[in-house]
Amino acid sequence: MNDMMGDMRYLILQPENGGITDLIRFGIFNNKASGAKFMETSEGLQFGGETPEHRLVIIVSILVRKLIKLFAKPMELTGYFLEFILNLLSLNGGLFNLLAALLQGNTVVIPKRGSATFISSIGHIDGRINLDQEAIELEPRNKSLMDLCMMASKLAYENATVVKNVVNLHWKACMHFVDFYNCWNEYQKERSTQVLIFCDKPRDADLIVISFRGTEPFDADDWITDFDYSWYEIPNVGKLHMGFLEAMGLGSRSNTSTFQERLLTDHTTNVNVFPFPETSAYYMVWRKLRSLLEEHRNARFMVTGHSLGGALAILFPTVLLLHEEEVVLQRLLGVHTFGQPRIGNTELGRYVESKLQYPTPKYYRMVYCNDMVPRLPYDDKTFLYKHFGVCLYYDSLFVEQQVDEEPNKNYLGLWYLIPEYVNAVWELVRGMTMGMRYGTEYKESWEGIMMRIIGLVIPGLSAHAPPNYINSIRLGT
């Protein structure tokens with residue numbers, strides 16, 4: 001670990017520190033003073049948007065984050081209201097039954113957040129809770145294990161009571177609930193990072209699964225994190241996405257020295273030397289995982305997540321590598337992510353692959369068709385974000401290909417624009433006929449169809465929804 005110590009470099013994009021006129025001066029005239037308002041860099045690092053292409057990427061990131069921040073409260077209220085209405089309708093048998101109950105003066109069931117019957121918007125888009133197979137093969141690319149990981153990634157969007165009930169009641173033949181954590185997020189300054197942990201047996205388990213919650217549809221801070229290009233660089237390791245580090249409680253951009261303290265503290269001889277908040281996701285999961293591996297001597301563990309949860313899923317073993325947790329990492333079965341954004345640069349990818357991908361690959365990331373989130377942050381000469389690991393790409397016919405990188409890696413270009421919208425129309429038609437073609441299990445909910453309609457405007461948004469990944473695994477060829 002000592003050879004990693006040294007001068008740390010970082011870049012922080014700060015949309016709140018400048019206005020539109022500053023963006024114009026910076027974008028058109030490359031005004032350094034205006035650009036400096038949006039960028040904080042480590043001493044000696046020159047990063048001023050040297051070319052128009054560089055500046056364009058910076059401006060797009062700042063504008064998108066400003067726009068999302070502007071609508072943060074409306075998004076939150078919309079999500080709150082929408083989830084309440086969706087649960088009100090489902091608990092009372094639909095719109096017509098609800099109206100009949102109101103007209104007849106009958107009792108109406110009022111949804112209660114945090115209860116066993118209160119389902120997230122993600123759960124309403126795709127109501128499936130049963131696993132495709134109860135016998136799970138413990139091989140990283142096995143379909144039954146991939147399905148378990150995707151269903152666990154979707155389940156992580158629910159509240160703790162729903163999660164526990166699904167694992168213990170619906171997955172009881174093959175899984176056992178361990179815990180559900182609400183962890184501290186250094187960027188959002190609240191406990192907004194959620195993690196689900198379960199294993200295949202209460203005693204002598206063979207499999208432990210850690211599932212991180214992904215980007216919540218109406219959480220502006222989650223989307224701002226996805227579009228954030230800020231990074232922190234570790235010598236001889238590479239650049240890591242600063243927002244994802246903060247979501248794991250691994251540092252704070254308000255005090256950048258905390259990243260070095262938390263990422264490179266040598267605690268191999270004294271596990272109590274930990275400069276983390278005890279409620280941080282990394283610390284809570286690390287502590288519980290060590291306990292479970294000690295309790296279940298033959299168990300191996302999987303890490304998984306959808307969207308932002310996928311980024312945290314691969315970040316967790318990356319930090320285990322930095323902390324030289326070799327005993328723990330020997331028990332890693334694999335990492336499966338779905339619709340995951342990029343977490344670092346090429347150097348980081350080489351570092352992680354040299355440790356995790358030999359002698360056999362352990363890290364697989366699944367990408368469905370036009371999903372826009374795996375294309376973030378941009379893979380370009382400005383920010384140098386790169387994917388790594390084995391990419392399993394599924395087209396809209398659920399045909400799987402193993403590729404180095406998904407097509408249209410930055411979700412840009414007129415060449416792709418027309419095919420994206422044509423494909424969105426096809427996905428809407430397909431969604432309306434899924435039940436007839438593949439059986440009632442695949443029939444899409446009306447909420448799912450509404451998501452497809454949104455896809456007619458923003459194709460990559462509807463492609464990001466969990467049903468696409470569940471169907472790709474179960475129907476994929």
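**Ser120, aromatic pairs and charges over rings**

At 9% relative accessibility, Ser120 counts as buried, because the cut-off for that word is under 20%. The model in which this value was computed is a predicted one. Ser120 belongs to the loop that runs between helix 5 (95–104) and helix 6 (121–125). Leaving aside residues up to four places away in sequence, Ser120 touches Glu83, Tyr157 and Glu158. With Glu158 there is also a polar contact, side chain to side chain, at 2.7 Å.

The next stop is the aromatic rings. A pair of aromatic rings is described by the distance of the centres and the angle of the planes. Searching the whole structure gives 13 aromatic pairs. One of them joins Phe212 and Phe316, with 6.4 Å from centre to centre and 50° between the planes, a tilted arrangement. This pair connects distant parts of the chain: Phe212 is in strand 5 (residues 207–212) and Phe316 is in helix 13 (residues 308–322), 104 residues apart. Phe212 and Phe316 are both buried.

Phe316 also pairs with Tyr282, and this pair is tilted as well, with the centres 5.5 Å apart and the planes at 50°. Here too distant parts of the chain are linked, since Tyr282 is in helix 12 (residues 281–295) and Phe316 in helix 13, with their positions 34 residues apart in sequence. Tyr282 has 0% relative accessibility and therefore counts as buried. For Phe316 the value is 0% relative accessibility, so Phe316 counts as buried.

Tyr282 leads on to another residue of helix 13, Val319. Val319 touches Tyr282, and also Leu250 and Leu263, when residues up to four places away in sequence are not counted. Why does Val319 count as buried? Its relative accessibility is 0%, and the limit for a buried residue is under 20%. Measuring from C-alpha to C-alpha, Val319 and Val352 lie 9.7 Å apart in space, while in sequence they are 33 residues apart.

Elsewhere, ring pairs join four residues into a cluster: Phe338, Tyr368, Phe398 and Tyr469.

Rings also take part in another kind of arrangement, with a charged side chain over the face. Arg113 lies over the face of Tyr80, 3.7 Å from the centre of the ring. In a second case, the charged end of Lys239 sits over the ring of Trp231, at 4.6 Å from the ring's centre.

How values were computed. Residues numbered from 1 in each chain as written. Predicted model: local features only at pLDDT ≥ 70, side-chain atom pairs only at ≥ 80, totals over all residues. Heavy atoms only, no water. Phe/Tyr/Trp six-rings, centres within 6.5 Å; stacked < 30°, edge-to-face > 60°. Helix = DSSP H or I, 4+ residues; strand = E, 2+ residues; numbered from the N terminus. Buried < 20%, exposed > 50% of the residue type's maximum accessible area, 1.4 Å probe, protein only. Lys NZ or Arg CZ within 6 Å of the ring centre and 35° of its normal. Contact = heavy atoms within 4.5 Å. Polar contact = N/O pair within 3.5 Å; in protein donor to acceptor, adjacent residues only side chain to side chain.
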